[in-house]
Amino acid sequence: FITYSLLVSGKRLDDILSWLTGGSSGKSDSKHIAEQSYDGMIVFDEAHKAKNLEADTRTAKLVVTLQERLPNARVLYCSATGVSEIAHMAYAVRLGLWGSANPLYPTFDSFKDALTRRGVGAMEMLALEMKRKGLFLARTLSWEGADFHTVEVRLGQKEVASYDGAVRWWFKVKSEIESALQMLNMPAKTIWRLFFAAQQRFYKEMCISAKVEEVCTEAKKYLENDHCIVIGLQSTGEAGMDVTLNELAESLVENGSAPKDQKGKVDLENVDLPNLLSTCGSIMSNFLRNHFPVAPPPQEAPKIPPTPPNGFASEFERLEHARLTDLADRIKNMPPPEPVRELVRRREELLKSIKALDLPPNPLDDIIDRFG
């Protein structure tokens with residue numbers, strides 16, 4: 001067993017190959033022969049960790065390299081995360097869908113382009129074809145013999161206070177957005193759709209977090225009676241936490257709690273965090289940073305009519321088309337409008353007010369922290 005983090009550390013790949021091939025040493029020829037003859041199984045659990053081969057991530061490259069160095073090894077890809085883009089399949093070279101195993105698609109790029117052009121229907125057909133060939137197996141846990149009970153979770157004073165504080169915060173943000181739109185003389189357009197979408201995600205996450213205490217209490221009772229437990233979450237809350245993690249990394253660097261690596265980044269996996277992060281807080285801060293209006297909207301470029309295939313009917317049409325094209329280019333090259341200082345100050349105050357709220361931690365992290 002080895003983690004992906006350990007796989008990408010130093011020259012660990014050579015150690016893994018040596019271990020798999022029985023510790024072959026000596027000349028490079030003997031190592032090559034040992035690697036070519038190895039026919040054991042390699043299981044890539046959580047295989048989607050290697051999905052970003054196009055982005056040239058180290059994890060994806062080493063997963064592919066490991067398969068190339070051991071050409072006769074049996075490979076099993078396991079993941080509960082669906083493939084949303086064909087590009088995310090690039091690491092799965094053993095499926096035989098491209099390359100020497102399939103002359104129709106000599107490279108992964110040709111395979112990807114062919115399916116991308118044909119849309120979602122082609123991806124569905126690919127899944128069916130993979131199942132027909134025995135390359136793809138999808139299963140869910142059986143519910144046979146399962147009993148279902150609805151448990152009412154009673155909120156304590158802490159949860160009620162946290163909810164009330166969050167409601168007041170969202171009302172405050174709504175009022176500040178209305179004031180900002182009036183100050184900038186901006187139409188609302190999509191701001192309210194984004195506002196209520198963020199609010200919906202926030203309360204969904206808060207409801208999940210409110211159940212953690214009851215779930216863990218019940219789970220511990222079953223564990224004491226030698227039962228196994230499985231906890232299912234509607235959302236892990238991982239998406240959208242990047243900004244919060246980056247902010248935390250910067251603060252740790254500033255106070256000397258964490259050094260930067262050669263690439264100027266902080267390896268958070270090796271840092272003891274002062275507290276669990278809140279997904280609810282991350283939703284709030286991401287919305288403010290990305291959508292709170294602080295500057296006038298940029299000038300809209302005029303729509304340029306397409307060039308007639310048989311040429312312009314008159315000199316006036318040609319000159320008008322050239323004028324619109326020039327105007328659109330100048331508008332696109334204009335710098336963005338300067339933010340209004342007062343609105344930037346209000347946004348910063350709202351961001352700071354998030355820290356004063358007693359928000360629940362990420363539910364998945366909270367569960368792991370409680371059970372160890």
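Here are a few notes on helix α2, a pocket and the cysteines in this predicted model.

1. Let's start with helix α2, which spans residues 12–20. Leu-13, Ile-16, Leu-17 and Leu-20 are buried there. These four lie on the same side of α2, because the arc they cover around the axis is only 95 degrees. The general background is handy here: an α-helix has 3.6 residues a turn, so residues three or four places apart point the same way.

2. What do the buried residues of α2 pack against? Their partners are three helices, α1 (4–7), α3 (28–37) and α4 (58–69), together with strand β1 (41–44). Just after α2 comes Gly-22, with a positive phi of about 80 degrees.

3. You may like to look at the second largest pocket, whose volume is about 1,300 Å³. It is lined by 28 residues, and His-149, Val-215, Val-230, Ile-231 and Gly-232 are the closest to its centre. Helix α8 (residues 212–224) gives the most to this lining, contributing 6 residues. By type, the lining holds 17 nonpolar, 7 polar and 4 charged residues.

4. On the cysteines, a search of the whole structure turns up 0 disulfides. Why is Cys-207 not bonded to Cys-280? The sulfur of Cys-280 is the closest cysteine sulfur to that of Cys-207, but at 9.1 Å it is too far for a bond. Cys-207 is partly exposed, at 46% relative accessible area.

5. Cys-228 is in no disulfide either, and its nearest cysteine sulfur, in Cys-216, is 16 Å away. With a relative accessibility of 80%, Cys-228 counts as exposed.

Definitions and conventions. Residues are numbered from 1 along each chain as its sequence is written. This is a predicted model: local features need pLDDT of at least 70, side-chain atom pairs count only at pLDDT 80 or more; totals for chains, interfaces and linings use all residues. Side-chain values use heavy atoms; hydrogens and water are left out. Buried means under 20% relative accessible area, exposed over 50%, partly exposed in between (1.4 Å probe, protein chains only). Helices (H or I, at least four residues) and strands (E, at least two) are DSSP runs, numbered from the N terminus. The arc is that of the directions from the helix axis to the C-beta atoms. Contact means heavy atoms within 4.5 Å. On a 1 Å grid over the protein atoms alone, a cavity is a set of points where a 1.4 Å probe fits but cannot get out, and a pocket is an open set with protein on both sides within 12 Å along at least five of seven lines; lining residues have an atom within 4 Å of a point. Grid points are joined across faces, edges and corners, and a volume is the space filled by probe spheres set on the points. Ala, Val, Leu, Ile, Met, Phe, Trp, Tyr, Cys and Pro count as nonpolar, Asp, Glu, Lys and Arg as charged, and the others, Gly among them, as polar. A disulfide is a pair of cysteine sulfur atoms within 2.5 Å.
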